Amino acid sequence: MALRRFRADLHIHTCLSPCGELSMYPRAVVERARAAGLDIIAVTDHNSTENAAAVGEAAAGTGLAVLPGLELATEEEAHILGLFDEGTDLGPLLAAVYAKLPDIPSKRSFIEDQVIVDAEDGVTGFNPHCLIGATTLTVYEAVDLIHGHGGLAVASHVDREAFSVISQLGFIPPDLRLDAVEVSPLLSYDEARAALGAQTPLPLLRFSDAHRPEEIGRATMVFLLAGPSLEEIRKALAGRDGREVRPS
Amino acid sequence: MKLSDLAARLDLKVYAAGAGLGREVGGGYAGDLLSDVMAHGRKDDLWLTIQVHPNIVAVAVLKDLAAIVLANGRVPAAETVERAEKERIPILGSAASTYELAGRLHGLGIKGS
């Protein structure tokens, strides 16, 4: 099977994330991703996947593949990305996550920062959960939950001074069954490899963690795949069947 | 002051490695970012935290801390207790907050840097 290069940014927030700009609507995300030359993106809002399908729909026919995902905050306040295949039923996963979020009555102004939209950028609702909070899932439970839905688990921005597996837990627990670790755009790929290469045998990825449209694509990886699916990405992370991932 | 004296004075519950309570405590540190504790914790410190992940034991070993005290009634994960027993790192606990515990410890002469 012919393999080709796919440029990917697999850590992008939308207007559903309270810290994401409200301008992160599906069409804006898709437009900016295409302008940045991306072939695959993942929509990874904090503790929710509810805007991912709308971004996928907005990208239909553009050649941009959109994977649904989320950025789970664990009990230790470490962030872990869950990346899933298009079409995965994420209802059970969402229910499990929402049940583990703190039951803090949110102010109306707070909820209005958690905008659920359709593919035409129309506002369809507001998420009432405390998405900025941390779940009571341990890092192990979070990884198991992601794997249980066929997803890939990636430790977010492990170079950051807070909210990373390393900042919260000192080092990456060797028995944590992650599929990869991500660094933020604050480090170049070479700097990241120098800083972390000895600490973990896991593949090192670097994505944008975009909260604003102009940040989309500021850090990307190039995958050598047969197609833009999660299974192909899984193979690339494992270095199987000729699939590869490299810094761009 | 010895760990056993502090445990009695603060009414701390012992979760792991109770055999190691004869150790002398040199000072104190409080923090939930393990990376920060790795940077600033000192040998013989009593460490106050609400983290219960097994990695807390590794950090205590690395920095040669006297013991770990879990605040807010936090209970260590089973694997954390197992590792603490193996590494002989006492894990104690209290229903009091980190702030309250630090205040009481300071009053007993256990100082920070």
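What follows is a set of questions from a colleague and answers from a modeller about a predicted model.

Colleague: Which conventions and confidence limits apply to this model?
Modeller: Residues are numbered from 1 along each chain as its sequence is written, and chains are lettered from A and ligands numbered from 1 in the order in which they are written. Totals for chains, interfaces and linings use all residues, whereas in this predicted model side-chain atom pairs count only at pLDDT 80 or more and local features need pLDDT of at least 70.

Colleague: In what order do the nine strands of the open sheet in chain A stand?
Modeller: Strands are DSSP runs of E with at least two residues, helices are runs of H or I with at least four, and both are numbered from the N terminus; two strands pair if DSSP finds at least two bridges between them. The pairing in this sheet of chain A is mixed, and its edge strands, each pairing on one side only, are β9 (204–206) and β11 (244–247). The order is β9-β8-β7-β4-β3-β2-β1-β10-β11.

Colleague: Which residue in β10(A) stands opposite A:Arg4?
Modeller: Strand β1 (residues 4–12) of chain A and strand β10 (residues 221–225) of chain A run antiparallel and are joined by five bridges. Within β10(A), the residue opposite A:Arg4 is A:Leu225.

Colleague: What angle does the direction of helix α7 of chain A make with that of β9(A)?
Modeller: Axes here are lines fitted to C-alpha atoms, for helices over the stretch in contact, and angles run from 0 to 180 degrees between N-to-C directions; two residues are in contact if their C-beta atoms, placed from the backbone, lie within 7 Å. Helix α7 (residues 189–196) packs on the sheet of chain A, where it touches β8 (180–183), β9 and β11. Its direction and that of β9(A) make an angle of about 145°.

Colleague: Why is strand β2 of chain A described as largely enclosed by the rest of the structure?
Modeller: A residue is buried if 20 or more other C-beta atoms, placed from the backbone, lie within 10 Å of its own, exposed if there are 12 or fewer, and partly exposed in between. Strand β2 (residues 40–46) of chain A is largely enclosed because its buried residues number seven of the seven.

Colleague: What is the handedness of the crossover from β2(A) to β3(A)?
Modeller: Strand β3 (residues 65–73) of chain A pairs with β2(A) in the parallel sense over seven bridges, and the bridge partner of A:Val43 in β3(A) is A:Pro68. Between these strands the chain passes through helix α2 (residues 52–58) of chain A in a β-α-β crossover. A crossover counts as right-handed if, with the strands pointing away from the viewer, the path from the first strand over the helix to the second runs clockwise, and this one is right-handed.

Colleague: Is A:Ala142 buried or exposed?
Modeller: A:Ala142 is found in helix α5 (residues 139–148) of chain A. Leaving aside neighbours within four places in sequence, its contacts are A:Leu72, A:Thr74, A:Ile80 and A:Leu137. Because 24 other C-beta atoms lie within 10 Å, A:Ala142 is buried.

Colleague: How many residues does each chain give to the contact between chain A and chain B?
Modeller: On the side of chain A that touches chain B there are five nonpolar residues, three polar and one charged, where Ala, Val, Leu, Ile, Met, Phe, Trp, Tyr, Cys and Pro count as nonpolar, Asp, Glu, Lys and Arg as charged, and the others, Gly among them, as polar. The contact takes nine residues from chain A and ten residues from chain B.

Colleague: Which element of chain A helps to cover the buried residues of α3(B)?
Modeller: Helix α3 (residues 55–62) of chain B has as its buried residues B:Asn55, B:Ile56, B:Val57, B:Val59 and B:Ala60. Their cover includes α2 (34–40), β3 (45–49), β4 (67–70) and α4 (78–87) of chain B, together with, from chain A, α6 (165–169).

Colleague: Which strands stand at the edges of the open sheet in chain B?
Modeller: This sheet has five strands in the order β1-β5-β4-β3-β2, with mixed pairing. Two of its strands have a single partner strand each, so one side of each is left without a neighbour in the sheet. These edge strands of chain B are β1 (13–16) and β2 (27–30).

Colleague: What is phi of B:Asp44?
Modeller: B:Asp44 is found in the loop between α2 and β3 of chain B, and it counts as partly exposed because it has 16 C-beta neighbours inside 10 Å. Its phi is positive, in a residue other than glycine, and lies near 70°.
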